[in-house]
Amino acid sequence: GYETVHTSEFNYGEFQGTTEHKVGYMVWYNKGLLDNGPVPTLIANHGGGDSALYIAKVSGWWEVAHKYNFLLIAIENHTSVTASETVELIDKIKEKYKIDENRLYASGFSMGGCKSWDLYQEYPDIFAGLAPMDATFDVGHNIFDNKVSKEINKDTLVPIFYAGGEITPL
């Protein structure tokens, strides 16, 4: 599916200068999962040059979602979307799917890991945990490698699982 979000003034990607734009996503879940109330949900962000389908399939997240019975949402072209636009997208997706707001997680590889850090730095209070993998920007910078637009989170503790190489800014 896709949703239309308002373009943030801090969007320095392909949607810079527009008032709104579409953001696509793909969803995986077991039949019947949404029949019994809110469900745990993972937001997956792909690496630069990849796609929503790629992060779900190659990482194996779709299999993990089926095995452990949670909703998997992979965002398409998130590298052109700010953290605030991502949160607006999540809010719109919540209108379609019963997401447990106490069990919302985010992960990603490379540029997707950077998006996970963006979300942690700017919106830590909406996530139960994050798992950025091989994120490449310094703390305080967003996916466009600019300083984040909000005060950086220094107070809200959120469980983080970080995986990276031998040389990493984190």
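**Group meeting: salt bridges, ring pairs and a buried helix face**

Glu101 and Lys94 are joined by a salt bridge whose closest N and O atoms are 3.7 Å apart. I start with that pair, and I should say at once that what we are looking at is a predicted model, so please hear every value that follows as one computed from that model.

Lys94 has another partner, since a salt bridge also joins this lysine to Asp91, with 3.8 Å between the closest N and O atoms. Asp91 and Lys94 both belong to helix α3, where they are three residues apart, about one turn of the helix. As a reminder of the geometry behind that spacing, an α-helix has 3.6 residues a turn, so residues three or four places apart point the same way. Taken together, Asp91, Lys94 and Glu101 form one network, joined by salt bridges that share partners.

How exposed are the members of this network? Lys94 is partly exposed at 23% relative accessibility, Asp91 is likewise partly exposed at 40%, and Glu101, at 54%, counts as exposed, because the cut-off for that class is anything over 50%.

The search of the whole structure returns five salt bridges, and one more of them deserves a word here. Asp100 and Arg103 meet through their side chains, with an N to O distance of 2.7 Å. Asp100 is buried, with a relative accessible area of 15%, whereas Arg103 is partly exposed at 34%.

Let me turn to the aromatic residues, for which the same kind of whole-structure search finds four pairs. In the pair formed by Tyr29 and Tyr97, the ring centres are 6.0 Å apart and the planes stand at 70°, so the arrangement is edge-to-face. What does this pair tie together? Tyr29 sits in the loop between β2 and β3, and Tyr97 in the loop between α3 (83–94) and β5, so the contact of the rings ties together parts that are 68 residues apart in sequence. The two tyrosines also fall into separate accessibility classes, in that Tyr29 is partly exposed with a relative accessible area of 35%, while Tyr97 is buried with 16%.

Another edge-to-face pair is made by Trp61 and Phe70, whose ring centres lie 6.4 Å apart and whose planes are at 75°. Here Trp61 is the partly exposed partner, with a relative accessible area of 24%, and Phe70 is the buried one, with 12%. Elsewhere, ring pairs link Trp117, Tyr120 and Tyr162 into a cluster. There is also a charge over a ring to mention, namely the charged end of Lys57, which sits over the ring of Trp62 at 4.0 Å from its centre.

Lys57 brings me to helix α1, which spans residues 52–59. Which residues of this helix are buried? They are Ala52, Ile55 and Ala56, and, seen down the axis of α1, they fall within an arc of 95°, so they line one face of the helix. The elements covering these buried residues include strands β2 (20–28), β3 (39–45), β4 (71–75) and β5 (99–109), together with helix α2 (61–68). After α1 comes Gly60, which has a positive phi, near 85°.

Two single residues remain. Asn11 lies in the loop between β1 (2–6) and β2, and at 1% relative accessibility this asparagine counts as buried. What does its side chain reach? The side chain of Asn11 reaches the backbone oxygen of Ser80, at 3.0 Å. With neighbours within four places in sequence set aside, the contacts of Asn11 are Gln16, His21, Ser80, Val81, Thr82, Glu85 and Phe144.

Finally, Ala163 is found in the segment after β6 (129–133), and with 27% relative accessibility this alanine counts as partly exposed. Leaving out neighbours within four places in sequence, Ala163 is in contact with Pro132, Met133 and Asp134. The C-alpha atoms of Ala163 and Gly113 are separated by 9.4 Å, with their positions 50 residues apart along the chain.

Methods:
Residues numbered from 1 in each chain as written. Predicted model: local features only at pLDDT ≥ 70, side-chain atom pairs only at ≥ 80, totals over all residues. Heavy atoms only, no water. Buried < 20%, exposed > 50% of the residue type's maximum accessible area, 1.4 Å probe, protein only. Helix = DSSP H or I, 4+ residues; strand = E, 2+ residues; numbered from the N terminus. Arc of directions from axis to C-beta. Contact = heavy atoms within 4.5 Å. Polar contact = N/O pair within 3.5 Å; in protein donor to acceptor, adjacent residues only side chain to side chain. Phe/Tyr/Trp six-rings, centres within 6.5 Å; stacked < 30°, edge-to-face > 60°. Lys NZ or Arg CZ within 6 Å of the ring centre and 35° of its normal. Salt bridge = Lys/Arg side-chain N within 4 Å of Asp/Glu carboxyl O.
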